Amino acid sequence: MKKAFLSPFFSPLFYGILWGILLAVVLIFFPDKKFEITTDGQIIDVLTYTGYALMLASMVFFVKDYRGKILDWSIYFLLGIAALLREAGIQHHLTNTDTTPFKSRFFLNPNNPTSEKILYGAVLLIIFGALLYLIIKYAKHLVVSFFKLNTLTWSIATFCSVLVFAKFADRFPAHWRHMHDLNVLPRSFIDIWSLLEESSELFLPYLVIIIFCQYHLLKNKA
């Protein structure tokens, strides 16, 4: 079991199989409830927040593995909290003058307070700075180790792939509407893409948990 868990193919198989089962169950047994299942308070939402709670708990539990790398751990924890807050939709409650302070239009709109632009601009700089630090420090290693079938690298690649797909699924309906100059999209079209987005995002915190567990086992194995 441990050997299978530490295989570079564990994370992609974990995600692919469970995501496929989830979609199959919803589309086969609840085809008319695709929208309801993805709304707040429903099963996918509950599983997602449960995942984030377990993810942050696992980060704290494995903090001892990052002695000498406490800055890295702090960044992971910061990004984890930011991801949880974003999932909770906090960005829609931070300003009274716009829908969200984390889009370019917020900073370009002269009607938005300068103080808010400075505050939320600083927040974005901290997050982007943290991501840039990780990219500069680990990008070369991740690229090289990917082709060497490194377990952690493949798990991280799976996480990043799921994240990119979730963002694509989130934006695709709006882009499709603009591309085809449509005022309204069919409800079924919106529902299926909402299901794809929410169901894929559900696995993000669980993939992070897997990464931390694999790192712990590999570190102690070494």
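## His216 and its surroundings

His216 lies in helix H10, which covers residues 204-221. The model is a predicted one. His216 has a relative accessibility of 25%, so this residue counts as partly exposed; the buried class ends under 20% and the exposed class begins over 50%.

Leaving aside residues up to four places away in sequence, His216 is in contact with Phe62 and Asp65. Leu196 stands 20 residues from His216 along the chain, and the C-alpha atoms of Leu196 and His216 are 31 Å apart.

## Secondary structure and dimensions

Helix H10 belongs to a protein with ten helices and zero strands. Read from the N terminus, the order of elements is α-α-α-α-α-α-α-α-α-α.

The C-alpha trace of the protein extends over about 55 × 50 × 30 Å along its principal axes.

## Burial and contacts

The protein has 222 residues, of which 36% are buried. His216, at 25% relative accessibility, is partly exposed.

Among contacts in the protein with a separation of 6 or more, 66% join residues 24 or more positions apart. For His216, the partners beyond four places in sequence are Phe62 and Asp65.

## Surface and charge

About 13600 Å² of the protein is exposed, and 71% of this area comes from carbon and sulfur atoms.

The protein carries 20 positive and 15 negative charges, and the mean positions of the two sets are separated by 14 Å. His216 is not part of this tally, as His is not counted.

Terms used: Residues numbered from 1 in each chain as written. Predicted model: local features only at pLDDT ≥ 70, side-chain atom pairs only at ≥ 80, totals over all residues. Heavy atoms only, no water. Helix = DSSP H or I, 4+ residues; strand = E, 2+ residues; numbered from the N terminus. Buried < 20%, exposed > 50% of the residue type's maximum accessible area, 1.4 Å probe, protein only. Contact = heavy atoms within 4.5 Å. Areas by Shrake-Rupley, 256 points an atom, 1.4 Å probe, with all protein chains shown as cover. Charge placed at Lys NZ, Arg CZ, Asp CG, Glu CD.
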